[in-house]
Amino acid sequence: MRCPHCGESDTRVIDTRATGNSVRRRRECQKCGQRFTTYENIAPTLNIIKRDGRRESWDRQKVLNGIRIACTKRPVAMADIEGLVDQVEEYVLSLGRAEIPSSVVGEKVLEGLKTLDPVAYIRFASVYLDLPDLYALRAEIDRLLEGEPEPVRPLERQAVGG
Ligand SMILES: [Zn+2]
């Protein structure tokens with residue numbers, strides 16, 4: 001979403017409201033600080049197929065709540081959570097399908113949480129991926145840690161710096 005004032009693509013959602021079949025968003029440009037409003041149409045018939053086969057209609061608020069719970073007491077800004085929900089929503093709507101499995105939504109949320117906050121990621125994964133036991137949870141944490149660079153140990157840094 002580009003800023004209509006300066007063309008910058010880095011804009012932040014500051015308020016989101018559903019109005020009938022469209023979503024109204026207030027955005028703030030991260031470059032020039034101007035605010036503007038966008039309207040996006042929601043596919044009126046997007047259904048989410050749950051694991052047990054039941055269908056429910058796409059509910060942005062529900063996804064938002066799930067992410068918020070995972071981020072409880074973590075240093076994640078509400079604007080970043082909103083931004084992630086935006087990404088997920090834009091993605092699922094861009095698929096242009098009437099129905100998608102809930103796993104598509106879950107994977108997309110996990111992908112975003114991975115970069116936002118590792119603890120929130122693990123919390124969400126343990127619920128969403130329905131990890132059956134501590135071994136499965138540990139495997140998921142190992143998978144996450146493998147992609148992480150080694151943390152710099154303060155003692156070593158001190159020795160190098162003199
Ligand atoms: Zn701008």
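The following paragraphs describe the zinc site, helix H4, the largest pocket and residue Asp86 in a predicted model. Residues are numbered from 1 along each chain as its sequence is written. Local features require pLDDT of at least 70 and side-chain atom pairs pLDDT 80 or more, whereas totals for chains, interfaces and linings use all residues, and side-chain values use heavy atoms, without hydrogens and water.

The zinc ion has as its protein donors the SG atoms of Cys3, Cys6, Cys29 and Cys32, at 2.3 to 2.4 Å (donors are N, O and S atoms within 2.8 Å of the metal, or 3.2 Å for Na, K and Ca). The angles subtended by the four donor atoms are 105 to 116°, which makes the arrangement tetrahedral (for four donors, all angles between 85 and 135 degrees). Along the chain, the donors follow the spacing C-x2-C-x22-C-x2-C. Cys3 belongs to the segment before strand S1 (11-19) and Cys29 to strand S2 (residues 22-29), so the pair ties together parts 26 residues apart in sequence. Strands (E, at least two residues) and helices (H or I, at least four) are DSSP runs, numbered from the N terminus. Cys3 counts as buried because its relative accessibility is 3%, and Cys29 is buried at a relative accessible area of 2%; buried denotes under 20% relative accessible area (1.4 Å probe, protein chains only).

Helix H4 (residues 118-128) contains the buried residues Ala120, Tyr121, Ile122, Phe124 and Ala125. Their cover includes helix H1 (60-70), helix H3 (102-116) and helix H5 (134-146). At the N-terminal end of H4, Asp117 acts as a cap, with a side-chain oxygen 3.2 Å from the backbone nitrogen of Val119. Asp130, just after H4, adopts a positive phi of about 55°.

Phe124 also appears in the lining of the largest pocket, where Lys62, Val63, Ser102, Phe124 and Tyr128 lie nearest the centre among 22 lining residues. A pocket is an open set of points on a 1 Å grid over the protein atoms alone, where a 1.4 Å probe fits, with protein on both sides within 12 Å along at least five of seven lines; lining residues have an atom within 4 Å of a point. Strand S5 (55-57), H1, H3 and H4 each give two or more residues to this lining, and H1 provides the largest share, five residues.

Asp86 lies in helix H2 (residues 78-94) and counts as buried because its relative accessibility is 4%. Apart from neighbours within four places in sequence, Asp86 is in contact (heavy atoms within 4.5 Å) with Val13, Arg25 and Arg60.

Notes: Tetrahedral: all angles 85-135°; square planar, octahedral: opposite > 155°, others 65-115°. Buried < 20%, exposed > 50% of the residue type's maximum accessible area, 1.4 Å probe, protein only. Polar contact = N/O pair within 3.5 Å; in protein donor to acceptor, adjacent residues only side chain to side chain.
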